[in-house]
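Trainee: I am new to this structure and would like a close look at a single part of it. Could you take one strand and walk me through its surroundings with care?

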Amino acid sequence: MPKVSDFRGKPLVIMFFYLGCPGCKGRAIPYANSIVYENVGVNVIGIHTRFAGKVYTDEQLRAMKDEFYIRFPYYRDLPEATTFNNYFAGGTPHWILVDAKGIVVQSMFGSDPNNALLRLDLKIKEVLQDETASE
């Protein structure tokens, strides 16, 4: 699994998701894909985590790349949802926004387009503006 330091120099969105989560499949993954498609200047990675529920095989996780048209790298969380717990995630999907210096600037749970995704979108724009202003 990569480290946040591997992505320094450009903001990073980390999305914790679970294949059994309807909000992840219906809203979060498409939103993360839109960040990649729009090439807004942000890296995106996904971390499939399982804090509860069915265990998915590596083959099922690989197959979801085509099923959901995933265009960002994603990884399986360490056993016992270690990374998920280290970031104090509240469920899936959970979003972590890291600035170009590697500092977590936003952590939020949810996939409601009029709440979590809107707030995340605004925070991404704010981080990008701050970086442009400091150049």
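Mentor: In this predicted model, Ile96 of strand β4 stands opposite Ser107 in β5, and the two strands, β4 and β5 (residues 104-109), pair in the antiparallel sense over five bridges. They form a hairpin with five residues between them, and in that turn Gly102 has a positive phi of about 90 degrees. β4 also pairs with strand β1 (residues 12-17), again in the antiparallel sense and over five bridges, with Phe16 standing opposite His94 in β4.

As for cover, β4 runs over residues 94-98, and five of its five residues are buried. Both faces are covered, since His94, Ile96 and Val98 on one side are buried, as are Trp95 and Leu97 on the other.

From here we can turn to helix α4, because β4, together with β1, β5 and α1 (22-38), is included in what covers the buried residues of α4. This helix, residues 116-134, has 19 residues and reaches 27 Å from its first C-alpha to its last, close to the 27 Å expected at 1.5 Å a residue. Its buried residues are Ala116, Leu117, Leu120, Lys123, Ile124, Val127, Leu128 and Glu131. They lie on the same side of α4, because they cover an arc of only 135 degrees around the axis. An α-helix has 3.6 residues a turn, so residues three or four places apart point the same way. On the other side of α4, Leu122, Gln129, Thr132 and Ala133 are exposed.

Key:
Residues are numbered from 1 along each chain as its sequence is written. This is a predicted model: local features need pLDDT of at least 70, side-chain atom pairs count only at pLDDT 80 or more; totals for chains, interfaces and linings use all residues. Side-chain values use heavy atoms; hydrogens and water are left out. Buried means under 20% relative accessible area, exposed over 50%, partly exposed in between (1.4 Å probe, protein chains only). Helices (H or I, at least four residues) and strands (E, at least two) are DSSP runs, numbered from the N terminus. Two strands pair if DSSP finds at least two bridges between them. The expected span of a helix is 1.5 Å times one less than its number of residues. The arc is that of the directions from the helix axis to the C-beta atoms. Contact means heavy atoms within 4.5 Å.
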